[in-house]
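This briefing covers one protein chain, its charges and a few of its local features. Please read it alongside the sequence and coordinates shown here.

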Amino acid sequence: MELAGGRALLTGATGGLGRAIANDLAAQGATVLLSGRQREALAELASSLPGSGHAVLPADLGDPGAAAALAAASIATAGGVDVLVANAGLPGTGWLPDVSEEQIERTLRVNLEAPIILARALTPAMVERGAGALVFVASLSGKAASPRSSIYNATKFGLRGFALGLRADLGPKGVGVSLVSPGFVRDAGMFADAGAKPPPGMGTATPQQVGGAVIRAIERNKPEIAVAPMTQRVMAHFALTSPGIAVRVQSGSAGQKAAEEVASGHPADKR
Ligand SMILES: NC(=O)c1ccc[n+]([C@@H]2O[C@H](COP(=O)([O-])OP(=O)(O)OC[C@H]3O[C@@H](n4cnc5c(N)ncnc54)[C@H](OP(=O)(O)O)[C@@H]3O)[C@@H](O)[C@H]2O)c1
């Protein structure tokens, strides 16, 4: 679908990838409804974007009922939503017994339940118009599992299944459903913030590449765009077909080191 003149709701707008996605949506002529928890940071971002009419809708998606309220606020603010980019996410890292039940609930809600509830609330009007696009920012961790990431893996495997199932329902009704699945991203975002390095030879992508992939997904209704160098994409695909071998490889010393760096690099309140 065409983004120019469209209204796009973006969650996780103040994050490392969210900022790049917001810029690209606005540069394509969309009016962006920016969501996250930090009102001031959202307002600053809104005023820095190209175009006009961007709005700020603060929401803590870890709170029960917040996703449905955000969908209603988006419709009330913009008169409707043409594009959802469900990007907000928590790293969900750590050795399972050390993760509190509250952290588990919050991560499942932000990473998986909120995107589902937002999609449920926004889809009927898109179906009625016979147009619209839903983009879910998943991860290669939705294809390949790794140490210290069981909760994150659960949400991203789940998000991929949800999006692909929904695509089967909405495709015939003119509404696009896409996944954008980054691997390790440098410069900004939750992996870079942890100060970790990917295992040797894996390489990294940039937030700008993720933003570009979101635009391509919307405009061309792609089922899934993996944003990562070839080695990571091939290994993630292999992990889908041979999960046992892939988990053994990921649990080797290089994988353990990278996983430990990521998990220990996130403050407890961000997991
Ligand atoms: N960076 C990577 O290497 C990478 C790789 C693969 C996939 N991804 C995925 O890309 C997406 C964006 O990640 P990122 O790297 O940009 O992470 P980030 O810099 O940590 O940003 C996360 C965003 O999610 C929002 N968020 C977190 N908890 C929230 C809550 N309870 N309610 C509402 N918003 C909340 C944050 O908002 P606040 O400003 O309110 O904190 C922030 O805007 C995530 O879904 C992540 O899983 C990232």
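The chain carries 24 positive and 21 negative side chains, and the centres of these two sets are 7 Å apart. The model is predicted. Ten salt bridges turn up in a search of the whole structure.

**Overall fold**

- The secondary structure consists of ten helices and seven strands.
- The radius of gyration is 18 Å, which agrees with the value near 18 Å that a compact globule of 271 residues would have.
- The C-alpha trace spans about 50 × 40 × 30 Å along its principal axes.
- Of the 271 residues in the chain, 48% are buried.
- Taking contacts between residues at least 6 apart in sequence, 67% join residues at least 24 apart.
- The exposed area of the chain is about 11,800 Å², and 55% of it comes from carbon and sulfur atoms.

**Salt bridges**

- Side chains of opposite charge can pair when their charged atoms come close.
- One salt bridge joins arginine 7 and aspartate 82, with an N to O distance of 2.9 Å. This pair links distant parts of the chain, 75 residues apart: arginine 7 belongs to strand β1 (residues 7-10), while aspartate 82 sits in the loop between α3 (66-78) and β4 (83-86).
- Aspartate 82 counts as buried because its relative accessibility is 12%, under the 20% cut-off.
- Within helix α4 (residues 101-129), arginine 106 and glutamate 102 are four residues apart, about one turn of the helix. They form a salt bridge in which the closest N and O atoms are 3.4 Å apart.
- Both partners of that bridge are partly exposed: arginine 106 has a relative accessibility of 22%, and glutamate 102 has a relative accessible area of 47%.
- Lysine 143 and glutamate 224 also form a salt bridge, their closest N and O atoms being 4.0 Å apart. The two residues are 81 apart and link distant parts of the chain, with lysine 143 in the loop between β5 (133-137) and α5 (150-170) and glutamate 224 in strand β7 (residues 224-227).
- In this pair, lysine 143 counts as buried at 11% relative accessibility, whereas glutamate 224 is partly exposed at 22%.
- Arg7, Asp82 and Arg129 are joined into one network by salt bridges that share partners.

**A buried loop residue**

- Serine 35 lies in the loop between β2 (31-34) and α2 (39-48).
- Its relative accessible area is 1%, so serine 35 is buried.
- Apart from neighbours within four places in sequence, serine 35 is in contact with Leu9, Leu10, Thr11, Gly12, Ala13, Leu42, Leu57, Pro58, Ala59 and Leu70.

**Positive phi outside glycine**

- Arginine 148 is not a glycine, yet its phi is positive, at about 60°. It is located in the loop between β5 and α5 and counts as partly exposed, with 27% relative accessibility.
- Asparagine 221, also a residue other than glycine, has a positive phi near 50°. Asparagine 221 is placed in the loop between α7 (207-220) and β7, and its relative accessibility of 31% makes it partly exposed.

Definitions and conventions:
Residues are numbered from 1 along each chain as its sequence is written. This is a predicted model: local features need pLDDT of at least 70, side-chain atom pairs count only at pLDDT 80 or more; totals for chains, interfaces and linings use all residues. Side-chain values use heavy atoms; hydrogens and water are left out. The radius of gyration is taken over C-alpha atoms; the globule rule is 2.2 Å times the number of residues to the power 0.38. Buried means under 20% relative accessible area, exposed over 50%, partly exposed in between (1.4 Å probe, protein chains only). Contact means heavy atoms within 4.5 Å. Accessible areas come from the Shrake-Rupley method with a 1.4 Å probe; for residues, only the protein chains shown count as cover. Lys and Arg count as positive and Asp and Glu as negative; His and the chain ends are not counted. The place of a charge is taken as NZ of Lys, CZ of Arg, CG of Asp or CD of Glu. A salt bridge is a side-chain nitrogen of Lys or Arg within 4 Å of a carboxyl oxygen of Asp or Glu.
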